[in-house]
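Biologist: Can you pull up the model for me? I have some quick questions.

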Amino acid sequence: FPYTTLFRSQTMSESDLTPVSLRFDDQVAYRVYDDFAGLAVMDDQGGLLVQTQLPISQDLVAYLLSYGPHVQVLAPQSLAQAFQQQIKEMWQKTQP
């Protein structure tokens with residue numbers, strides 16, 4: 001079930017969606033091709049670029065974290081900051 005349809009509902013309007021740009025390492029290509037069917041384009045370094053429109057939410061941040069170190073949020077800046085903040089909070093919980 002592709003992620004791009006997972007959080008979209010019949011009542012969701014275009015105004016609920018935000019342009020999102022992501023870069024994935026080639027190690028997770030199989031999953032990117034499944035989750036972002038038809039949206040992944042290989043870049044000149046062998047990674048995959050995805051540009052789509054998604055609802056920005058904590059669920060999206062959690063989903064992207066499931067890719068571990070294999071995803072980079074390129075845009076929007078607000079999503080990149082939320083992603084980084086979640087990583088920071090997780091890191092802080094591991095410290096004595």
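Modeller: Here is a short walk through the sheet, the core and one acidic residue.
Modeller: This is a predicted model, where local features need pLDDT of at least 70, side-chain atom pairs count only at pLDDT 80 or more, and totals for chains, interfaces and linings use all residues. Residues are numbered from 1 along each chain as its sequence is written, and side-chain values use heavy atoms, leaving out hydrogens and water.

Biologist: What order do the four strands take in the sheet?
Modeller: S2-S3-S1-S4, in an open antiparallel sheet. Strands are DSSP runs of E, at least two residues; helices are runs of H or I, at least four. Two strands pair if DSSP finds at least two bridges between them.

Biologist: Which strands are at the edges?
Modeller: S2 (40-42) and S4 (71-75). Each pairs on one side only.

Biologist: How many bridges join S1 and S4?
Modeller: Four, in the antiparallel sense. Arg-23 has Gln-72 in S4 as its bridge partner.

Biologist: New topic. Which residues touch the most other members of the largest nonpolar core?
Modeller: Phe-24, Val-32, Phe-36, Leu-64 and Tyr-67, out of 21 residues. Such a core is a set of buried Ala, Val, Leu, Ile, Met, Phe, Trp, Tyr and Cys residues joined through side-chain atoms within 4.5 Å.

Biologist: And which element gives the most to this core?
Modeller: H3, with four residues.

Biologist: Is Asp-35 buried or exposed?
Modeller: Buried, at 12% relative accessible area. Buried means under 20%, exposed over 50%, partly exposed in between, with a 1.4 Å probe and protein chains only.

Biologist: Where is Asp-35?
Modeller: In helix H2, residues 29-35.
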